[in-house]
Amino acid sequence: MRGLMMQTPLLISDLIQHAARFHGDTEIVSRRVEGDIHRTNYRDLHTRIRKLANALTALGVKPGDRVGTLAWNGYRHMELYYAVSGMGAILHTINPRLLPDQIAWIINHAEDSFLFYDANLQPIVEQIAGKTPGLQGYVLMADADRLPAESAAAPLLAYESLVDAASDEFTWPSFDENTASSLCYTSGTTGNPKGVLYSHRSTVLHAYAAALPDVMNLSATDVILPVVPMFHVNAWGLPYAAPLVGCKIVFPGPALDGKSLHDLFEAEGVTMSAGVPTVWQGLLAYVDANGLAFSTMRRTVIGGSACPPAMMRAFEEKYRVTVVHAWGMSETSPLGTSGALKSKHSSLSAEARYAVKFKQGLALPSVDLKIVDDEGNELPWDGKTFGNLMTRGPWIVNEYYGEDKSALQDGWFQTGDVAVIDPDGYMQITDRSKDVIKSGGEWISSIELENIAVSHPGVQIAACFGVAHPRWDERPLLVVVRKPDSTLDREEMLAFFDGKIAKWQKPDDVVFVDSIPLGATGKMLKAELRRQFAGYRLPGVDPA
Ligand code: ADP
């Protein structure tokens with residue numbers, strides 16, 4: 001028997017309509033590329049979104065067309081999120097930190113119709129303009145007086161002129177909730193970028209789950225500052241979850257240094273934020289060095305790469321900011337797990353509670369997880385057995401854009417991550433499958449070694465990876481950037497691992513460097529490090 005309830009589709013336009021109607025005067029604050037602080041609210045934003053939808057229609061953008069954006073976190077980008085998807089077209093967010101050739105490749109692969117971009121990204125646009133023949137036009141996200149006198153990008157239009165000239169009468173169309181809404185390419189740290197094509201249904205369901213208390217814990221009383229970029233997996237869904245709950249949003253623009261972020265946190269009363277560990281590293285270093293605190297910030301969600309335990313402790317103990325460790329990837333929209341505690345953990349010691357919180361956590365509702373061996377056999381949830389992490393659910397990829405074949409194995413998506421799951425269901429990533437250090441048939445977790453290294457007070461950042469060894473296949477090499485005033489040496493670093501892990505898991509050697517290469521999403525580029533250290537001879541290994 002069928003249920004007798006309405007069949008209204010889950011559409012992204014409903015999120016912004018809801019916020020405009022019920023939280024109309026709630027603020028949206030942006031640090032703009034122009035340098036100033038801009039203020040609007042959900043009601044006025046929705047008016048401009050409707051104008052933009054009319055402007056896009058006038059430009060010839062039709063349902064299903066891809067519209068590219070090369071932009072930071074700001075209100076204009078948010079307007080594009082809703083206008084493009086709301087009218088049935090597809091928002092394609094592009095990471096400006098990629099190389100111009102990669103950007104052009106992605107634009108061509110997605111067959112974008114228009115490219116909208118922030119003013120300070122003009123130099124990139126000049127470099128790609130000759131390589132993207134499919135683009136029908138470029139839109140500078142600023143007033144007309146900022147249009148460059150000359151540009152290789154043509155035709156080149158000004159965003160504000162388009163919005164100004166358009167009517168604000170636009171009725172959001174209703175269509176199948178499985179219609180594509182946005183497109184995001186994986187950052188390519190594991191090969192060629194691949195397009196993940198989200199739907200209205202997957203996006204709205206993900207937003208509901210993101211807002212849950214044990215995930216992002218969002219409510220209308222919050223002030224959120226998404227540090228995670230809107231070009232990286234839809235800023236982890238925050239641009240959708242925020243209107244869903246009606247919370248104030250503070251957009252940081254391109255200024256992600258410690259001082260700019262901290263100033264904004266304090267001036268706007270930010271209560272919640274989310275980002276990758278490398279950005280928090282900069283913020284914590286600034287706050288530490290200047291003897292500052294967070295007067296309103298209460299929670300942060302950290303993910304994208306493993307949150308070092310030392311960072312979690314610093315946030316929680318020194319600054320009274322609760323950390324939730326989350327895991328996900330472009331293919332999972334991205335939230336797959338989050339590491340909140342259960343009621344039974346309240347009686348545990350602080351250390352035992354940390355041990356739970358350091359893990360990447362429980363699957364979000366509707367998301368399923370399993371770990372399997374190389375033959376696909378399911379492995380036990382004993383907190384010890386490593387396996388390939390598989391997942392499935394309504395906001396997990398089914399097929400990559402343009403590949404025309406399933407991305408699944410027996411109905412599950414293989415994440416490329418290696419994990420353990422404990423009897424309570426808490427998942428812990430031990431590595432990316434290609435980063436696991438395979439030593440004499442045993443697996444060593446590079447993340448575990450890095451976490452130990454960065455808990456040393458003299459270490460700013462550390463990367464661990466396997467280098468060739470004639471007897472053991474691979475042994476761990478630790479590459480470390482010291483804190484500015486640290487005198488840490490190799491022996492002290494190695495001794496620091498004693499008692500924290502089994503002896504055979506200790507790195508064989510330590511190299512101090514000035515910097516570690518970071519990718520376009522702020523993650524350490526292990527592949528680049530492996531290239532840099534190709535042929536590195538570990539102590540005790542004879543020359544070949
Ligand atoms: P790409 O795969 O192109 O690097 P993603 O941003 O989608 O881009 O990266 C997803 C990957 O990041 C995951 O597969 C996982 O390896 C890693 N990751 C994400 N969150 C965490 C976390 N909390 N701990 C450890 N690794 C993480």
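How are α10 and α11 oriented to each other? In this predicted model, helix α10 covers residues 258–268 and helix α11 covers residues 277–289. Their packing angle is about 75 degrees; α10 and α11 are therefore roughly perpendicular to each other, as the range for that term is 65 to 115 degrees.

## Contact of α10 with α11

The axes of α10 and α11 are 8 Å apart. On the α10 side, the residues in contact are G258, K259, L261, H262 and F265. They meet V279, W280, G282, L283, Y286 and V287 of α11. Sorted by class, this contact holds seven nonpolar, three polar and one charged residues.

## Helix α1 against α2

Two packed helices are described by the angle between their axes and the distance between the axes. For α1 (residues 12–22) and α2 (residues 42–59), the angle is about 135 degrees and the axes lie 7 Å apart. The pair α1 and α2 is therefore oblique, since the term roughly antiparallel is kept for angles over 145 degrees. The crossing of α1 past α2 is left-handed.

From α1, the residues I16, Q17, A19 and A20 take part in this packing. Their partners in α2 are Y42, R43, L45, H46 and I49. The contact of α1 with α2 has six nonpolar residues, two polar ones and one charged one.

## Helix α1 against α9

Helix α1 also packs with helix α9, which spans residues 238–245. Here the angle is about 45 degrees, and the axes are 7 Å apart. That angle makes α1 oblique to α9, because roughly parallel applies to angles under 35 degrees. The α1 and α9 crossing is left-handed.

In this contact α1 contributes I12, L15, I16, H18 and A19, while α9 contributes Y240, P243 and L244. By class there are seven nonpolar residues and one polar residue, with no charged residues. I16 and A19 of α1 appear in the contact with α2 and also in the contact with α9.

## Domains and annotation

The domain assignment divides the protein into domain 1, made of residues 9–25 + 37–200, and domain 2, made of residues 435–532. Between the C-alpha centres of domain 1 and domain 2 the distance is 40 Å.

An unreviewed UniProt entry carries the annotation "domain: AMP-binding enzyme C-terminal" for residues 448–523. Over residues 448–523, helix accounts for 17% of the chain and strand for 33%. The C-alpha atoms at the two ends of residues 448–523 are 16 Å apart.

## Backbone features in loops

Most residues other than glycine have a negative phi, and most peptide bonds are trans. Three loop positions are listed here against that background.

The peptide bond between A154 and P155 is cis, with omega about -10 degrees. P155 is placed in the loop that runs between β6 (137–140) and β7 (156–158). A cis peptide bond also joins S333 to P334, where omega is about 10 degrees. P334 sits in the loop between β14 (322–328) and β15 (335–338).

E111 has a phi near 55 degrees, a positive value in a residue other than glycine. E111 is found in the loop between α4 (100–110) and β5 (112–117).

Definitions and conventions. Residues numbered from 1 in each chain as written. Predicted model: local features only at pLDDT ≥ 70, side-chain atom pairs only at ≥ 80, totals over all residues. Heavy atoms only, no water. Axes fitted to C-alpha atoms, helices over the stretch in contact; angles between N-to-C directions. Helix = DSSP H or I, 4+ residues; strand = E, 2+ residues; numbered from the N terminus. Left-handed = near helix turned anticlockwise from the far one by under 90°. Contact = heavy atoms within 4.5 Å. Nonpolar A, V, L, I, M, F, W, Y, C, P; charged D, E, K, R; others polar. UniProt positions renumbered as here; feature names shortened; annotations may be inferred. Domains from an automatic or database assignment.
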